[in-house]
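Me: I'd like to learn how to read a helix pair. Can you walk me through one?

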Amino acid sequence: MARAITLGGPIPVSQFMAATNAHYYATRDPLGAAGDFTTAPEISQMFGELIGLWAADLWDRAGRPEVAWVELGPGRGTLTADALRAMRAAGLTPPVHFVENSPALRDIQARAVPDATWHDDVSTLPVDRALIVVANEFFDALPIRQLVRGPDGWRERLVACQDTLFLPIAGAAMPPGIMPDALDGAAPGSVVETSPASVAIMAGLAALIEARGGAMLVIDYGYEGPAVGDTLQAVRGHAYAHPFEAPGEQDLTAHVDFATLGLAAEASGCARSGPVGQGAFLSALGIDARAAALGPRVAEDRRRLVEEMGESFRVMAVTHRDWPEPAGFR
């Protein structure tokens, strides 16, 4: 990457993020104590079980149609394995489809869910049935563009390289009128983020759901834009790191703009519920009753899911306009 930037010039943050995350996820299992971060399904079985029951309840109230289960970026496959166990008890046994590019993670997922079918992207998902799609901490890892307000207008943030030191710089001026009116008065130095890749994926999935029925559940940390702020961050060894250091050796993420994703889904004809806090969502689904059934050993897990992650993580559902309102959002 240093050589490419030196020869070809600075690249957009989105290109830097896409390339470094592609290498990072393709070459390791980033999860758990020995990895760089831990996700909710790895904290407790309750998370996947409740999502499985959420899906089974919605499927039942929709008339029990033929459906496929889809998880985007399924990590170790833990969420789906726990969800399948809960869905099976409710009579739902859908075929499983994983959207995953990492060979290292596919091997681990195959041990957790041996009968899954893998896809490189959403374009090859089934089109002959309704889909129930889950995206837990998926959109935050997709590449973002960053626009920086300068004294003379907005400029795209680029990544330059000196020797092997990567650093952000301001690129060429953006044409007038490209930013929302609400951000016209932003102060110099302000950063605005967009994720065209996220919008494209959401629009594609919403079109599939609108055509065949189904629902999608998005769980991630984020906000409802448009908003100003630099949210690009790196995590390595369960601690924050500098996002432009050690490219390909640490996880790069950015906060998810739920408002923009919701608008993309609605533009395809789907209904949107939420976002709401993860804590409120899991509480509405009955995590307290499940924790009581499992006993005192899960009290700390419940606290982490509901309290520690309860507000920073948001949950949004996208459903076919003729499907029932999903649980957890009132």
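**Two helices crossing**

Reply: Sure. In this predicted model, the axes of helix α4 (residues 45–61) and helix α10 (residues 287–294) come within 11 Å and cross at roughly 130°.

Me: What do I call an angle like that between α4 and α10?

Reply: Angles over 145 degrees count as roughly antiparallel and 65 to 115 as roughly perpendicular, with the leftover ones called oblique. So α4 is oblique to α10. As for its hand, the crossing of α4 and α10 is right-handed.

Me: Which residues meet where α4 and α10 touch?

Reply: From α4 you have Gln45, Met46, Glu49 and Leu50, and they meet Ile287, Arg290, Ala291 and Leu294 of α10. Sorted by character, the residues of this contact come out as five nonpolar, one polar and two charged.

Me: Now α10 by itself. Which of its residues are buried?

Reply: Look for relative accessible area under 20%. In α10, that picks out Ile287, Ala291 and Leu294. They lie on the same side of α10, because the arc they cover around the axis is only 65°. Turn to the other side of α10 and you find Ala289, Ala292 and Ala293 exposed.

Me: And what covers the buried residues of α10?

Reply: Check which elements are in contact with them. Here the cover includes α4, along with α9 (278–285) and α11 (299–308).

Me: What about the backbone just after α10?

Reply: Check the sign of phi there. Gly295, just after α10, takes a positive phi of about 100°.

Notes: Residues are numbered from 1 along each chain as its sequence is written. This is a predicted model: local features need pLDDT of at least 70, side-chain atom pairs count only at pLDDT 80 or more; totals for chains, interfaces and linings use all residues. Side-chain values use heavy atoms; hydrogens and water are left out. Axes are lines fitted to C-alpha atoms, for helices over the stretch in contact, and angles run from 0 to 180 degrees between N-to-C directions. Helices (H or I, at least four residues) and strands (E, at least two) are DSSP runs, numbered from the N terminus. Angles under 35 degrees count as roughly parallel, over 145 as roughly antiparallel, 65 to 115 as roughly perpendicular and the rest as oblique. A crossing is left-handed if the near helix is turned anticlockwise from the far one by less than a right angle, and right-handed if clockwise. Contact means heavy atoms within 4.5 Å. Ala, Val, Leu, Ile, Met, Phe, Trp, Tyr, Cys and Pro count as nonpolar, Asp, Glu, Lys and Arg as charged, and the others, Gly among them, as polar. Buried means under 20% relative accessible area, exposed over 50%, partly exposed in between (1.4 Å probe, protein chains only). The arc is that of the directions from the helix axis to the C-beta atoms.
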